[in-house]
Amino acid sequence: MKKIPTKIYLEERELPKKWYNLRADMKSKPEPMLHPGTLNPCTLEDILPVFCTELAKQELNDTDRFVEIPEELRAMYSMFRPSPLIRAYGLEKALGTPAHIYYKFEGNNTSGSHKLNSAMAQAYYAKKEGLTSLTTETGAGQWGTALSMACAHCGIDLSVYMVKVSSEQKPYRKAVMETYGAKVIASPSNTTNTGRAILEGDPKTGGSLGCAISEAIEVAVTTENCRYVLGSVMNHVLLHQSVIGLEAQAAFEKIGVKPDIIVGCTGGGSNLGGLIAPFMGEKLRGKKDYRFVAVEPASCPSLTRGKYLYDFGDTACTTPLIRMYTLGSKFIPSANHAGGLRYHGMSPVISKLFHDGHIEAIAETQTDVFESAKLFAKAEGILPAPESSHAIKGAINEALKCKEKGEKKVILFGLSGTGYFDMQAYMAFNSGTLSDTIPTDAEIAKWIDTIPKIPQNA
């Protein structure tokens, strides 16, 4: 049998011309966002003050299976796409598994992650709308880095509220954002009413994505010709990220292979959602019964230990209410959590698929995750991002099960980015000072108790 190439590339002309909207194939749709004042489903007019017009339309589009990618945006994508599908021969050998392991590598761009897929799209639509500035939040910094690149390319000003503990742990991410012209503010900050209120309550807080979102939204709605954009969770972000899965699907078709198990890391859901989209569509249409495994950090276990309820997307409770698996919008992860994926909730699409039994979920401690990252780096020659390493850990779990059972399954996972800006976390792991903090049931109950008591949550 002919050996499958280590790297399977698509040609530039094979870049997807359309995004795939998974929601169109979901018979049981994600519940609609609710206006926090009326508890009625949000309309386009409700979210236009926050989002760009085209992005708001995409957010509410549950019916169109495919959405055209503008030609000008496809040209922007061609700077860093298509990305390779890689057979992990080295990892297979290290594990001694009969499984065939593949990964879709999204780190071949300066931002070092998959986030540029949606950043370019959102900056493009903002420019087309005539906006002059954008605001956003970032946790570990991949999204802020990607958006700073996209805004520089499109000539738009950008303010990034970066979770304070991450800005301290990852100073080089901040440096890249500033190199591209972004203004980076550690959150919570004294630049907004929200930030000042949070600091008054806890001056030593390390912050959270919920805090940073609140600050970014406050600035967006009080600044002329400005809108808020974000890099995960929302429907339109998962739509843009479907290029990952579409390319992976096309690459597998080139070599006549189909995956059996698809594994992705999950924080807000953008990487997993983009990777699984077309494969999940096949499953929902009855074409193939793939297994999907979401891997999240044990310190931020929204899927595995959260509740499926309507909750706010931010700490200050300014967003619409979103039905999702959540730990409560007041949740703040432990300061020693260095693995990213620190959002309190989960994409409504991923949440609904998990709730309906189409996705499995596991939680892993960060020391086990970094151990998997180290093994992967040695076997495959790429230093993975801590976030991506959760997917590596999940893929290793599945490969070892195949070894135990003698099963020759095909495993696909998303290598969503590289770890070259995460060296402080790697240094802590290598020195033995990186520890695991898993919230207790009592702590989770306290955060969940902050979720709004509304009829839909009864």
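Two strands pair if DSSP finds at least two bridges between them, and the exercises below apply this to a predicted model.

**Exercise 1.** Determine which strands pair with β10, in which sense, and which residues stand opposite I261 and V263.

*Solution.* Begin with strand β11 (residues 291–297), which is joined to β10 by 5 bridges and runs parallel to it; within β11, R291 is the bridge partner of I261. The connection between these two strands passes from β10 through helix α12 (residues 270–284) to β11, a β-α-β crossover that is right-handed. Turn next to strand β15 (residues 410–415), which pairs with β10 over 3 bridges, again in the parallel sense, and where F413 stands opposite V263.

**Exercise 2.** Establish whether the residues of β10 are buried or exposed, and which way each one points.

*Solution.* Taking buried to mean under 20% relative accessible area, one finds that 5 of the 5 residues of β10 (residues 261–265) are buried. Sorting them by direction, I261, V263 and C265 point one way, while I262 and G264 point the other way, and all are buried.

**Exercise 3.** Compare the expected span of helix α11 with the distance between its end C-alpha atoms, then describe its bend, its burial and the residue just after it.

*Solution.* At 1.5 Å a residue, the 21 residues of α11 (residues 235–255) should span 30 Å, and because the end C-alpha atoms are 31 Å apart, the two values agree. The helix nevertheless contains a kink of about 35°, centred on Q241. As for burial, 17 of the 21 residues of α11 are buried, so that the helix is mostly covered. Just after α11, G256 takes a positive phi of about 65°.

Note on methods: Residues numbered from 1 in each chain as written. Predicted model: local features only at pLDDT ≥ 70, side-chain atom pairs only at ≥ 80, totals over all residues. Heavy atoms only, no water. Buried < 20%, exposed > 50% of the residue type's maximum accessible area, 1.4 Å probe, protein only. Helix = DSSP H or I, 4+ residues; strand = E, 2+ residues; numbered from the N terminus. Right-handed = clockwise from strand over helix to strand, strands pointing away. Expected span 1.5 Å × (residues − 1). Bend = angle between axes of the 7 residues up to and from the residue.
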